[in-house]
Amino acid sequence: MDPKTKELIDGLNLDLANEYAAVITYRTFASAVKGPNRKELREFFMAEIPDELNHAQLLADKIVALGGTPTTKAAPVKFVEGAKGMLEAALADEKATLDRYVARRRQAEETEQ
């Protein structure tokens, strides 16, 4: 396997580990959220889980297609208290995910060359 493909697979595995962590985070937040908006926030966090699982499936499939082995470990999960803190943490995680995906797209384009 050429080094660029190996680097891409490693990056995709990082992304996959973070998708697994997102599932754990949203599942935990859905159970732990409190306050007057608990019902709505619980539904919000629960609704994110299927999307994260779909992303994980796409990443795992791509890793295998490139000749790699998908990770089975989640990235570290941080727990925060309070609805506002949970929403801020979720937003920060989503922004970090977008940044990683932009970087991965560049890697994939470089690997094709």
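## Contacts across the chain

Let's begin with how the chain meets itself. Among contacts between residues at least 6 apart in sequence, 78% join residues at least 24 apart. One pair of residues gives a feel for such distances: arginine 105 and leucine 8 are 97 residues apart in sequence, while their C-alpha atoms lie 9.3 Å apart in space.

Please keep in mind that this is a predicted model. The average pLDDT of the protein chain is 96, and 99% of the residues score at least 70.

## The overall layout

What elements does the protein chain contain? There are three helices and zero strands, so its pattern, read along the sequence, is α-α-α. Helix α1 covers residues 3-32, helix α2 covers residues 38-65, and helix α3 covers residues 83-112.

The C-alpha trace spans about 55 × 20 × 20 Å along its principal axes. Of the 113 residues in the protein chain, 32% are buried. Confidence can also be read element by element: helix α2 has the highest mean pLDDT, at 98, and α3 has the lowest, at 95.

## How the helices pack

Two packed helices are described by the angle between their axes and the distance between the axes. Here is how that works out for each pair.

Take α1 and α2 to start with. Their axes are 8 Å apart and the packing angle is about 160°. That makes α1 roughly antiparallel to α2, because angles over 145 degrees count that way. The crossing in which α1 passes α2 is left-handed. For α1 and α3, the axes come within 10 Å and cross at roughly 165°. This angle therefore makes α1 roughly antiparallel to α3, and the crossing of α1 and α3 is left-handed.

The remaining pair is α2 and α3, whose axes come within 13 Å and cross at roughly 20°. Angles under 35 degrees count as roughly parallel, so α2 and α3 are roughly parallel to each other. Their crossing is left-handed. Which residues make the contact between α2 and α3? From α2 come Leu41, Phe44, Phe45, Glu52, His55 and Leu59, and from α3 come Ala83, Met86, Leu87, Glu94 and Tyr101.

## A closer look at α3

With its 30 residues at 1.5 Å a residue, α3 should span 44 Å. The C-alpha atoms at its ends are 43 Å apart, which agrees with that expected span.

Which residues of α3 are buried? They are Met86, Ala89, Ala90, Thr97, Arg100, Arg104 and Gln107. The cover over these buried residues includes α1 and α2. Met86 also appears in the contact between α2 and α3. In an α-helix there are 3.6 residues a turn, so residues three or four places apart point the same way.

## Two residues to find

Is arginine 105 buried or exposed? This residue of helix α3 has a relative accessibility of 58%, so arginine 105 counts as exposed, the cut-off being over 50%.

Asparagine 13 sits in helix α1. Its relative accessible area is 13%, so asparagine 13 is buried, a term that means under 20%. What does asparagine 13 touch, apart from its neighbours within four places in sequence? Asparagine 13 is in contact with Ile63, Thr69, Pro70 and Thr71. Ile63 falls within helix α2, which runs over residues 38-65.

Methods
Residues are numbered from 1 along each chain as its sequence is written. This is a predicted model: local features need pLDDT of at least 70, side-chain atom pairs count only at pLDDT 80 or more; totals for chains, interfaces and linings use all residues. Side-chain values use heavy atoms; hydrogens and water are left out. Helices (H or I, at least four residues) and strands (E, at least two) are DSSP runs, numbered from the N terminus. Buried means under 20% relative accessible area, exposed over 50%, partly exposed in between (1.4 Å probe, protein chains only). Contact means heavy atoms within 4.5 Å. pLDDT is the predictor's confidence in each residue, from 0 to 100. The expected span of a helix is 1.5 Å times one less than its number of residues. Axes are lines fitted to C-alpha atoms, for helices over the stretch in contact, and angles run from 0 to 180 degrees between N-to-C directions. Angles under 35 degrees count as roughly parallel, over 145 as roughly antiparallel, 65 to 115 as roughly perpendicular and the rest as oblique. A crossing is left-handed if the near helix is turned anticlockwise from the far one by less than a right angle, and right-handed if clockwise.
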